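Biologist: Please show me the model, and then I will ask about its helices and its core.

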Amino acid sequence: MTTATLSPTDLSKAALFEAQAVKTSARRNRLLSLPALIIIGVFGVLPLVIICVYSFLVAAPYGGVQWQFSTDAYLNFMFQRDIFDDTLQFTPDFLIIYLRSFLFAVVTTVICLLLGFPTAYFMATRPPAQRNWWVLLITIPFWSNLLVRTLAIMFIIRDEGLINNALLALGVIDKPITMLYTNFAIQLGLLYAFLPFMVLPLYSSLEKLDFRLVEAAYDLYATRRQVLWRVIIPLSKPGIIAGCLLVFIPALGAYVTPLILGGGIHLMIGDLIAQQFGSGRNWPLGCAQALILMAAVLVALYFYVRNTSGKVQHG
Amino acid sequence: MAEPRVMDIKDQPGFRTIAIICLLVLYVPVLILMVFSLNSGSLVTHWEGVTLGWYGTAFLNEEFHAAARNTLIISVTATIVSTICATLAAIGMTRVKPWRGLAAAFMVINLPLMVPEIITAVATLSFFALIAGAFGLNFGIGNLILAHTVFCIPFAYMPIRARLEDMDLTLENAAADLYATPWNAFKRITLPLLVPGIMSGAALAFIVSFDDFTITQLVAGPGQTTLPLYIWNQIRRPMTPEINAISTILLLVSILFVSVSFLIARRRAK
């Protein structure tokens, strides 16, 4: 005996299906995405393929490449060929720059998280009107010119900058403290550059926090600290991961900050890569270095995708 | 016993202080840079008095003119092209039955956001060097416009797509029920509702193009100096507050466009 009864859920499914059918009436719509895909495909994806190819070629003496297969670019990353007996010698110079950049990026991410989380939480717990102002105030530096913002840091920490002038005037020091062109300057610049990249995704995750859970925790005699560590932080994990990624990836590949605040003495990966295309005149090596950076980024992205339900979040 | 009678459950001790410190850290350096653009002395660090003279110096500077012209040509063209492409793509990816390759297409659109800028920069440089070498093709300033369009597309795409997804489909369905052709339904219903998203996307595309330094620096040929490149060239010479004045102009343009984009998005949310 078969009784075909339509439950309410079936009915809403049918309605949904009908809506879907209208929605898809113009199936040709998918062709509309072609211009964007072609532009990004030709001028965005193809160039990446080209640097993959270039990384297996030989450097031309005045920049550019010679069409001759070679794995020297990758070998040169870690080894240097001895001029006399043609043996490979381990040279960790590039590796050290990669490790330094990694360290810079990790420290930047951690400090941004320590400062950004309380800020984002404070923003998310303001009344709605006030909240909008806070978001705008963090959004402005997010989109402001990075070069100019880095310049602002440079003006402050120079030998004749505001900090040194103030300390000299107060008689705390009798000669300026060198801060510009040091590791400290790069670290400070990275923090300054990427702090908003941490706050915004954290905020968008904390804004949706269900405070009834916090209330329940207090009802069960949790202390403030317990509520923070065992309720609020675990619930905002997607925002924390997104924020860390949005800081870590650009910090790892930072170019402007070490260029201006490191003064070409303290290099990061970004400057190293650019150097191979400029004074270094070794394009294949630069391409190989770029691809190794890309691999690191892909590892970070894989970690992100695995930890979120495939939903793309954006500050 | 010492518990206050009414406890705010949302409160966490010390968070307010950290939030205020964050704001100060973000704004004080930039504000100092802006204030020194009004310095009547010729040093970027010693305050002598108020003047608008450095803005005058900048506006009379031929190099600044050329840089401003290049920047506007590049960012306006890149904004228009990328916003049109992004709008079409957003419709093609939300108002259709999920098609095979949709996820891949979404990844391609967002690719410029995931690749570190320096990699995009050297890749684009290699690409244009290759087509210049192999086919003798050089689009001049068009090289920069194309490079900018690529990374502007995802920025324009995000708010437009968000707007399309939030939109109430009943209006479009009603139009279809009343025998509107798909084109008419789009022109009379979807497009007017989509305008805030498009404007917000265009504002973001304009900012990222206007401010770009890394990609522009590597791809730009001789005579293609943009405003950020002009600032970079100035940093390496003895500096005067003229650099502060130009930096301030750049910051104000960013602030204007962010605020516009932000306000449009907020009004939508209400």
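Biologist: How many helices and strands does chain A have?

Modeller: This is a predicted model, in which local features need pLDDT of at least 70, side-chain atom pairs count only at pLDDT 80 or more, and totals for chains, interfaces and linings use all residues. Residues are numbered from 1 along each chain as its sequence is written, with chains lettered from A and ligands numbered from 1 in the order in which they are written. Helices (H or I, at least four residues) and strands (E, at least two) are DSSP runs, numbered from the N terminus. Chain A has 14 helices and four strands.

Biologist: What percentage of the residues of chain A count as buried?

Modeller: A residue is buried if 20 or more other C-beta atoms lie within 10 Å of its own, exposed if 12 or fewer, and partly exposed in between, with C-beta atoms placed from the backbone. Of the 315 residues of chain A, the buried part is 41%.

Biologist: Which helix gives the largest nonpolar core its largest share?

Modeller: A nonpolar core is a set of buried Ala, Val, Leu, Ile, Met, Phe, Trp, Tyr and Cys residues joined through C-beta atoms within 7 Å. The largest one has 149 residues, and A:F194, B:V122, B:I153 and B:A156 have the most contacts inside it. Its largest share, 16 residues, comes from residues 183–206 of chain A, helix α8.

Biologist: Where is the kink in α2(A) centred?

Modeller: Helix α2 of chain A covers residues 34–54. The bend at a residue is the angle between axes fitted to the seven residues ending there and the seven starting there. In α2(A) the kink is about 40°, and its centre is A:G41.

Terms used
Expected span 1.5 Å × (residues − 1).
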